[in-house]
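Thank you for making time for this one. I would like to walk through the model slowly, beginning with a single position and working outwards to the whole chain.

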Amino acid sequence: MAIRQIRTIGDEILTKQCKPVKEMTPRLRQLIDDMFDTMYDANGVGLAAPQVGILRQIVVIDIGDENQYVLVNPEILEESGSQTGSEGCLSVPGKAGKVTRPNYVKIRAFDENMEPFELEGEELLARCICHECAHLSGHLYVELVEGELEDVEDTTEE
């Protein structure tokens with residue numbers, strides 16, 4: 001387990017399309033473990049592989065609902081409703097902005113064992129899924145911000 005460097009806005013890798021995962025390897029399992037460690041260390045709720053410099057379709061999410069979500073090759077199947085709220089990103093440190101996202105999403109993905117599953121999410125989970133899946137296509141939330149980005153205090157513990 002290791003803490004990886006989080007790439008920040010301006011890093012070209014964050015603008016690239018990620019490749020699908022064809023098979024789970026020990027190296028990709030290690031990446032998933034490292035992504036959770038890195039996300040927790042930075043006090044985040046989601047992290048996508050390109051944020052740690054890996055162009056693969058892998059997302060980890062933990063919104064504090066006692067689940068650790070691993071989404072490999074996620075595909076959004078349905079979206080409905082809308083929610084507008086403050087959103088930040090580990091790749092855009094110290095900033096937040098108001099973003100409108102679907103209030104409900106349904107996705108199809110694979111887990112860390114490459115077993116297919118579907119997941120439905122509402123509110124924060126839906127926001128997280130949409131935010132992290134956008135990273136896999138080279139998009140950052142700042143493209144969707146309504147108004148200006150705001151400075152936020154760094155809440156990471158030293």
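Let me start at Val145, which sits in the loop between α2 and β8, the latter covering 146–151. Please keep in mind throughout that what we are looking at is a predicted model.

Is Val145 buried or exposed? Its relative accessible area is 16%, and because the cut-off for buried is under 20%, Val145 counts as buried. As for what surrounds it, once the neighbours within four places in sequence are set aside, Val145 is in contact with Gly97, Lys98 and Val99. With Gly97 in particular, the C-alpha atoms are separated by 5.5 Å, although the two residues are 48 apart along the chain.

Val99 brings us to a second position, since it also appears among the contacts of Arg127. Arg127 belongs to helix α2, which runs over residues 123–136, and at 8% relative accessibility this arginine counts as buried. Again leaving aside neighbours within four places in sequence, the contacts of Arg127 are Gln83, Thr84, Gly85, Glu87, Val99 and Arg101.

Now to the strands, and to β3 in particular, which spans residues 69–80. Strand β2, residues 58–61, runs antiparallel to β3 and is joined to it by 4 bridges; within that pairing, Ile58 has Val72 as its bridge partner in β3. Strand β3 is also paired with β6, residues 104–110, again antiparallel, this time through 6 bridges, and here Glu75 has Arg108 in β6 as its bridge partner. As a general reminder, side chains in a regular strand alternate between the two faces of the sheet.

Stepping back to the whole chain, there are 2 helices and 8 strands, and from the N terminus the order is α-β-β-β-β-β-β-β-α-β. The radius of gyration is 15 Å, close to the 15 Å that the globule rule gives for 158 residues, so the chain is as compact as a globular protein of that length. Along its principal axes the C-alpha trace spans about 40 × 35 × 30 Å.

Of the 158 residues, 45% count as buried. Among contacts between residues at least 6 apart in sequence, 66% join residues at least 24 apart, and the approach of Val145 to Gly97, 48 residues apart along the chain, is one I would point to on the screen.

Finally, the surface: the chain exposes about 8600 Å², of which carbon and sulfur atoms supply 45%. There are 14 positive and 31 negative charges, and their mean positions lie 9 Å apart.

How values were computed: Residues are numbered from 1 along each chain as its sequence is written. This is a predicted model: local features need pLDDT of at least 70, side-chain atom pairs count only at pLDDT 80 or more; totals for chains, interfaces and linings use all residues. Side-chain values use heavy atoms; hydrogens and water are left out. The radius of gyration is taken over C-alpha atoms; the globule rule is 2.2 Å times the number of residues to the power 0.38. Buried means under 20% relative accessible area, exposed over 50%, partly exposed in between (1.4 Å probe, protein chains only). Contact means heavy atoms within 4.5 Å. Accessible areas come from the Shrake-Rupley method with a 1.4 Å probe; for residues, only the protein chains shown count as cover. Lys and Arg count as positive and Asp and Glu as negative; His and the chain ends are not counted. The place of a charge is taken as NZ of Lys, CZ of Arg, CG of Asp or CD of Glu. Two strands pair if DSSP finds at least two bridges between them.
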